[in-house]
Amino acid sequence: MKVMISQPMRGKTNEQIRQEKEKLVKQLEAQGHEVVDTVFDLAPNGVDEAIYFLSKSIEFISQVDALIFMPGWNNARGCRIEYQVAVEYGKFIKLI
């Protein structure tokens, strides 16, 4: 199964984000799942970064079978939007 992990990212470095989900990624891969990397490095100049990165995440939702939401997702605007997209389009969802 191709899986995407949704997690709160605001105010965190890419390294912190990757470290937070490292254990979960290893567990999922050990179970035979493919985990897509949704940590993006740079947004183009002249765009609203939050919206740009959210649009990239939604693009990835179109490519996966399931989404796993990490703790705190419900307090993060982007995660809540990803959740709504996943629900509306019938993706498998797991909350942890």
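How much space lies in the largest pocket? Here are some notes on that and on the neighbouring topics, bearing in mind that this is a predicted model.

1. **The largest pocket.** To take the opening question straight away, the largest pocket holds about 730 Å³ of space. Its lining counts 31 residues, and the closest to the pocket centre are Met9, Arg10, Ala50, Phe53 and Gly78. If you want a place to start looking in the viewer, those five residues will take you there.

2. **Who builds that lining.** Four elements each supply at least two residues to the lining of the largest pocket: β1 (2–6), α1 (14–30), α2 (49–61) and α3 (77–88). The largest share comes from α2, which gives 6 residues.

3. **Its chemical make-up.** Sorted by class, the lining of the largest pocket has 16 nonpolar residues, along with 9 polar and 6 charged ones.

4. **The second largest pocket.** This one has about 160 Å³ of space. Its lining can be given in full: Met1, Val3, Leu24, Gln27, Leu28, Gln31, His33, Ala66, Ile68, Phe92, Lys94 and Ile96. By class, that lining divides into 8 nonpolar residues, 3 polar and 1 charged.

5. **Elements around the second largest pocket.** At least two lining residues come from each of α1, β3 (66–69) and β4 (92–95). The top contributor is α1, with 3 residues. Note that α1 also supplies at least two residues to the lining of the largest pocket.

6. **The two faces of β3.** Which way do the side chains of β3 point, and are they buried or exposed? Ala66 and Ile68 point one way, Leu67 and Phe69 point the other way, and all of them are buried. In a regular strand, side chains alternate between the two faces of the sheet. Ala66 and Ile68 are also among the residues that line the second largest pocket.

7. **The partners of β3.** On one side of the bookkeeping, β3 pairs with β1 in the parallel sense, over 4 bridges. Within that pairing, Val3 stands opposite Ala66, and both Val3 and Ala66 appear in the lining of the second largest pocket. The pairing of β3 with β4 is parallel too, again over 4 bridges. There, Phe69 has Leu95 of β4 as its bridge partner.

8. **The connection from β3 to β4.** Together with α3, these two strands make a β-α-β unit, and the unit is right-handed. The helix of this unit, α3, supplies at least two residues to the lining of the largest pocket, while β3 and β4 each do so for the second largest pocket.

Technical notes
Residues are numbered from 1 along each chain as its sequence is written. This is a predicted model: local features need pLDDT of at least 70, side-chain atom pairs count only at pLDDT 80 or more; totals for chains, interfaces and linings use all residues. Side-chain values use heavy atoms; hydrogens and water are left out. On a 1 Å grid over the protein atoms alone, a cavity is a set of points where a 1.4 Å probe fits but cannot get out, and a pocket is an open set with protein on both sides within 12 Å along at least five of seven lines; lining residues have an atom within 4 Å of a point. Grid points are joined across faces, edges and corners, and a volume is the space filled by probe spheres set on the points. Ala, Val, Leu, Ile, Met, Phe, Trp, Tyr, Cys and Pro count as nonpolar, Asp, Glu, Lys and Arg as charged, and the others, Gly among them, as polar. Buried means under 20% relative accessible area, exposed over 50%, partly exposed in between (1.4 Å probe, protein chains only). Two strands pair if DSSP finds at least two bridges between them. A crossover is right-handed if, with the strands pointing away from the viewer, the path from the first strand over the helix to the second runs clockwise.
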